[in-house]
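Visitor: Hi, I'm new to this one. Could you walk me through it?

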Amino acid sequence: MILKGSNCRADEDVPMESFLLAFETIFLQGEDLEDDQSRGLAYCIDRNHDNDVSRAEWYKLYNKWKNSGLVMNQFLEKVTTALPQRNKHTLNSTPRQRFQLAVEAPQEQKPVVRAGNGNFISAGNGDKMTVKGTIMQIFNAQSGGQVALVANAMAPMFKGAFPWGEITMVYDGTNWAESPGPQWLAMPE
């Protein structure tokens, strides 16, 4: 079902972007992953950090989830709370245990981040924009008030219904640009 939902052939890995969209549609009823759920998913699904999901990675996650008896969002939250934390365990552990923890557990599991997510500033008027999941919000530079919200943001390109018209947004891997319109520059975290 994930392969079909991500438009991939059965013999190829699924790019993380396509996997996330299919996963959220199928298992979260279209809702975006929360940060904690995303950390749990990252830990389970992309342990080799290649930003693709192989059939083996998917089956391993799917089987763990099915055997848990939980709904998917609860399963991901449970996985996140159980993520090994190296610092807690190293104080009173044997050298062998510390080695095993170092091999198995990342220092901090980062969430799966969708391309195009982040905070941006307009090169045209200084307005600020946030993108999280499929939600893009634009805030006025002077008042701080929200002036636009679209719920279909998707890198590398999508067409959004903004209050000032239907605009094509293009993500170049770092910044967004309205077509036609101003460039939105990534803000450092």
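Guide: Sure, here is a short tour, from the whole chain down to single residues. Keep in mind that this is a predicted model.

Visitor: Okay, how many helices and strands are in the chain?

Guide: The chain has seven helices and 10 strands. Of its 189 residues, 37% are buried.

Visitor: And what order do the strands of the open sheet come in?

Guide: Eight strands make up that open sheet, and they run β6-β5-β4-β3-β10-β9-β8-β7, with antiparallel pairing. The edges are β6 (146-150) and β7 (157-162), each of which pairs on one side only.

Visitor: By how much are neighbouring strands turned against each other?

Guide: On average, by 25°, if you ignore direction.

Visitor: What holds strands together anyway?

Guide: In general, strands of a sheet pair through backbone hydrogen bonds.

Visitor: Let's zoom in on β4. Which of its side chains are buried?

Guide: M129 and V131 are buried, and they point to one face of β4 (residues 128-132). K128, T130 and K132 point to the other face and are not buried.

Visitor: What about the link between β3 and β4, how many bridges join them?

Guide: Four bridges join β3 (residues 118-122) to β4, and the two run antiparallel. If you want a spot to look at, F120 has M129 in β4 as its bridge partner. That M129 is one of the buried residues of β4.

Visitor: Which residue takes a positive phi in that hairpin?

Guide: G126 does, with a phi near 85°, and the hairpin of β3 and β4 has five residues between the strands.

Visitor: And on the other side, how many residues sit between the strands in the hairpin of β4 and β5?

Guide: Two residues, and there G133 takes a positive phi near 65°. β4 and β5 pair over five bridges, in the antiparallel sense. T130 stands opposite Q137 in β5.

Visitor: Where does β5 go from there, I mean how many bridges join it to β6?

Guide: Four bridges join β5 (residues 135-139) to β6, again antiparallel. In this pair, F139 has Q146 in β6 as its bridge partner.

Visitor: Switching to helices: at what angle do α2 and α4 pack?

Guide: About 20°, with the axes of α2 (residues 16-27) and α4 (residues 55-68) 14 Å apart. That angle is under 35 degrees, so α2 is roughly parallel to α4. The crossing of α2 and α4 is right-handed.

Visitor: Which residues meet there?

Guide: From α2 you have F19, F23 and F27, and they meet W58, L61, Y62 and W65 from α4.

Visitor: I also spotted W164. What does it touch?

Guide: Leaving out residues up to four places away in sequence, W164 touches I138, V147, A148 and E178. Take V147: W164 is 17 residues from it in sequence, and their C-alpha atoms are 9.8 Å apart in space.

Visitor: Is W164 buried, exposed or partly exposed, and why?

Guide: W164 counts as partly exposed because its relative accessible area is 44%, which falls between the cut-offs of 20% and 50%.

Visitor: Last thing, how many salt bridges does the count come to?

Guide: The count comes to one salt bridge. K159 forms it with E166, and the closest N and O atoms are 4.0 Å apart. E166 has a relative accessible area of 59%, so E166 is exposed.

Terms used
Residues are numbered from 1 along each chain as its sequence is written. This is a predicted model: local features need pLDDT of at least 70, side-chain atom pairs count only at pLDDT 80 or more; totals for chains, interfaces and linings use all residues. Side-chain values use heavy atoms; hydrogens and water are left out. Two strands pair if DSSP finds at least two bridges between them. Axes are lines fitted to C-alpha atoms, for helices over the stretch in contact, and angles run from 0 to 180 degrees between N-to-C directions. A salt bridge is a side-chain nitrogen of Lys or Arg within 4 Å of a carboxyl oxygen of Asp or Glu. Buried means under 20% relative accessible area, exposed over 50%, partly exposed in between (1.4 Å probe, protein chains only). Angles under 35 degrees count as roughly parallel, over 145 as roughly antiparallel, 65 to 115 as roughly perpendicular and the rest as oblique. A crossing is left-handed if the near helix is turned anticlockwise from the far one by less than a right angle, and right-handed if clockwise. Contact means heavy atoms within 4.5 Å.
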